[in-house]
Amino acid sequence: MTRCFALVPAAGSGSRMGSEQPKQYLSLLGQPLIRHTLAALCASTRIERVYVVLSVGDQEWDRHDWTEFGDRLVPLFCGGASRADSVLNGLRSIADDTAESDWILVHDAARPCLAPWHIDALVRELIHDEVGGILAVPVADTLKQADGSHHIAATVPREGLWQAQTPQMFRYVMLKRALESARHVTDEASAIEAMGLRPRLVRGDPTNLKVTYPLDLHLAEWILQHREGNE
């Protein structure tokens, strides 16, 4: 049977958070932010194993206890200079453990509010898809294009526009080949698109937010505390 694996690139510095500590290790409800992310992935029965790609010089990982996840969680100290490099290095590292047809769910380390229904919806929609796809939400706000002096240059129609999220789910061999050909993309779907393919959009929801700025930590905390079953 075709299996699903998760791969979490976590080699970045998170400079926009204004902290010297890498973003993935900032405290969220008393735990490193990335623990919430990895816990959600490890808890999914749809995912065989979770690989987290860390920087070669990561000194924070071993300061925390990850034993509760057992052999479902595997750290890979092979992160690259960019997200695409980290994902590609991770794929190369797990080549002996995966088949070309297996699915890889790439998820942002800084999306700690991933819920079981997000994973279930993605896998259910894509497991038989020829290309794969991503979680995303339709753009709700009016979009403005700025000029060089931060004035409005144009209003951009929002019809048909979606905000990309993660996980992004593609076959191992397809994703590896795509990233080998497109090294400067900011997400996996862009690499797949560069091959002339059209990933599917699977509707998620705004609670699957990415922690980018300091305020986002408070929003993530509120979401996790008020989610049904965690009150």
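Helices and strands here are DSSP runs, with at least four residues for a helix and at least two for a strand, numbered from the N terminus. Keep in mind as you look around that this is a predicted model.

**The whole chain.** Start zoomed out, coloured by secondary structure: you should find 6 helices and 11 strands. The radius of gyration is 18 Å, close to the 17 Å that the globule rule gives for 231 residues, so the protein is as compact as a globular protein of that length. Turn it around and the C-alpha trace spans about 50 × 40 × 35 Å along its principal axes. Of the 231 residues, 48% count as buried. Switch on the surface and you have about 12,100 Å² of accessible area, with 49% of it belonging to carbon and sulfur atoms.

**Charges.** Now colour the charged side chains. There are 23 positive and 30 negative ones, and the centres of the two sets lie 4 Å apart.

**The largest core.** Next, select Leu38, Val50, Val52, Leu73 and Leu105. Within the largest nonpolar core, which has 30 residues, these five touch the most other members. To see what surrounds them, show β1 (4–10), α1 (33–43), β4 (49–54), β6 (103–106) and α3 (116–126), the elements that each give two or more residues to this core. Then click on Val50. Which residues does Val50 touch, not counting those up to four places away in sequence? They are Ala6, Val8, Leu38, Leu41, Cys42, Arg72, Leu73 and Val74.

**Helix α3.** Stay with α3 and pick out its buried residues: His118, Ile119, Ala121, Leu122, Val123 and Leu126. They pack against β1, α1, β6, β7 (132–138), β10 and β11 (200–203).

**A second core.** Apart from the largest core lies another, with 27 residues, among them Val87, Phe170, Leu175 and Ala182. Leu175 takes you to helix α4 (residues 172–181), where Tyr172, Val173, Met174, Leu175, Ala178 and Leu179 are buried. What do the buried residues of α4 pack against? Select α2 (83–93), β6, β10 (162–171) and α5 (188–194) to see their partners.

**Out to a loop.** For the last stop, select His151, in the loop between β8 (143–146) and β9 (152–156). Leaving aside neighbours within four places in sequence, His151 is in contact with Gln145 and Ala146. Finish by drawing a distance from His151 to Gln168: the two are 17 residues apart in sequence and 34 Å apart in space, C-alpha to C-alpha.

Conventions:
Residues are numbered from 1 along each chain as its sequence is written. This is a predicted model: local features need pLDDT of at least 70, side-chain atom pairs count only at pLDDT 80 or more; totals for chains, interfaces and linings use all residues. Side-chain values use heavy atoms; hydrogens and water are left out. The radius of gyration is taken over C-alpha atoms; the globule rule is 2.2 Å times the number of residues to the power 0.38. Buried means under 20% relative accessible area, exposed over 50%, partly exposed in between (1.4 Å probe, protein chains only). Accessible areas come from the Shrake-Rupley method with a 1.4 Å probe; for residues, only the protein chains shown count as cover. Lys and Arg count as positive and Asp and Glu as negative; His and the chain ends are not counted. The place of a charge is taken as NZ of Lys, CZ of Arg, CG of Asp or CD of Glu. A nonpolar core is a set of buried Ala, Val, Leu, Ile, Met, Phe, Trp, Tyr and Cys residues joined through side-chain atoms within 4.5 Å. Contact means heavy atoms within 4.5 Å.
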